[in-house]
Amino acid sequence: MRLGEAQVGSTVRVLSIDGDAAYKRRIMDMGLTKGTKLFIRKVAPLGDPVEITVRGYELSVRKQDAHCVEVKEEV
């Protein structure tokens, strides 16, 4: 599933990031690297942006960027 599809209140783990090298680097510089746990805090009413907690800080990710991050829900 994609980060933009994850439910509010769920914890997910990053599996992969789609895109060219420069785009991947920008996403990874925000702390979204393979294997990282993310907590989905909020989603704006129209779905953009998605607010997540990653590595102890809050981050807002645009819907377009959230759909480029493949995640797996943690149980």
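Arg55 sits in the loop between strand 3 and strand 4 of this predicted model. Its phi is positive, at about 55°, although Arg55 is not a glycine. Most residues other than glycine have a negative phi. Arg55 is also exposed, with a relative accessible area of 55%. A second positive phi occurs at Gly47, in the turn of the hairpin formed by strand 2 and strand 3. There the angle is about 85°. This hairpin has 6 residues between its two strands.

Confidence was examined next. The mean pLDDT of the protein is 91. A value of 70 or more is reached by 100% of the residues. Confidence is highest in strand 1, at a mean of 95. It is lowest in helix 2, residues 63-66, where the mean is 88.

The protein contains 2 helices and 5 strands. Along the sequence these elements follow the pattern β-α-β-β-β-α-β. The C-alpha trace spans about 30 × 25 × 25 Å along its principal axes. The radius of gyration is 11 Å. For 75 residues, a compact globule would have a value near 11 Å, so the two agree. Of the 75 residues, 35% count as buried. Many contacts bridge long stretches of sequence: among those between residues at least 6 apart, 56% join residues at least 24 apart.

The 5 strands form an open sheet. Their order is 4-3-2-1-5, and the pairing is antiparallel. Strand 4 and strand 5 stand at the edges. Each has a single partner strand, so one side of each is left without a neighbour in the sheet. Neighbouring strands are turned by 45° against each other on average, direction ignored.

The pairings can be followed residue by residue. Strand 1 and strand 2 run antiparallel and are joined by 3 bridges. Thr11 stands opposite Phe39 of strand 2. Val12 has Leu38 as its bridge partner in strand 2. Val12 also stands opposite Glu73 in strand 5. Strand 1 and strand 5 pair in the antiparallel sense as well, over 5 bridges. Between strand 2 and strand 3 there are 5 bridges, again antiparallel. Here Leu38 has Val54 as its bridge partner in strand 3. Leu38 is thus bridged to Val12 and to Val54.

Strand 1 also holds Leu15. With a relative accessibility of 34%, Leu15 counts as partly exposed. Leu15 and Val71 are 56 residues apart in sequence. In space their C-alpha atoms are 5.1 Å apart. Leaving aside residues up to four places away in sequence, Leu15 touches Lys34, Glu70, Val71 and Lys72.

Nonpolar packing was considered last. In soluble globular proteins, nonpolar side chains tend to be buried together. The largest nonpolar core of the model has 20 residues. Within it, Leu3, Leu32, Leu38 and Ile52 touch the most other members. At least two core residues come from each of strand 1 (11-17), helix 1 (21-29), strand 2 (37-43), strand 3 (50-54), strand 4 (57-61) and strand 5 (69-73). Leu38, one of the residues that touch the most other core members, is also the bridge partner of Val12.

Leu32 illustrates the packing. Residues up to four places away in sequence are again not counted. Leu32 then touches Ile17, Ile27, Leu38, Ile52, Val54, Leu59, Val61 and Val69. Two of these, Leu38 and Ile52, are listed with Leu32 among the core residues that touch the most other members. Leu38 and Val54, both touched by Leu32, are bridge partners of each other across strand 2 and strand 3.

Key
Residues numbered from 1 in each chain as written. Predicted model: local features only at pLDDT ≥ 70, side-chain atom pairs only at ≥ 80, totals over all residues. Heavy atoms only, no water. Core = buried A, V, L, I, M, F, W, Y, C linked by side-chain atoms within 4.5 Å. Buried < 20%, exposed > 50% of the residue type's maximum accessible area, 1.4 Å probe, protein only. Helix = DSSP H or I, 4+ residues; strand = E, 2+ residues; numbered from the N terminus. Contact = heavy atoms within 4.5 Å. Pairing = 2+ DSSP bridges. Axes fitted to C-alpha atoms, helices over the stretch in contact; angles between N-to-C directions. pLDDT = per-residue confidence, 0-100. Rg over C-alpha atoms; globule rule 2.2 N^0.38 Å.
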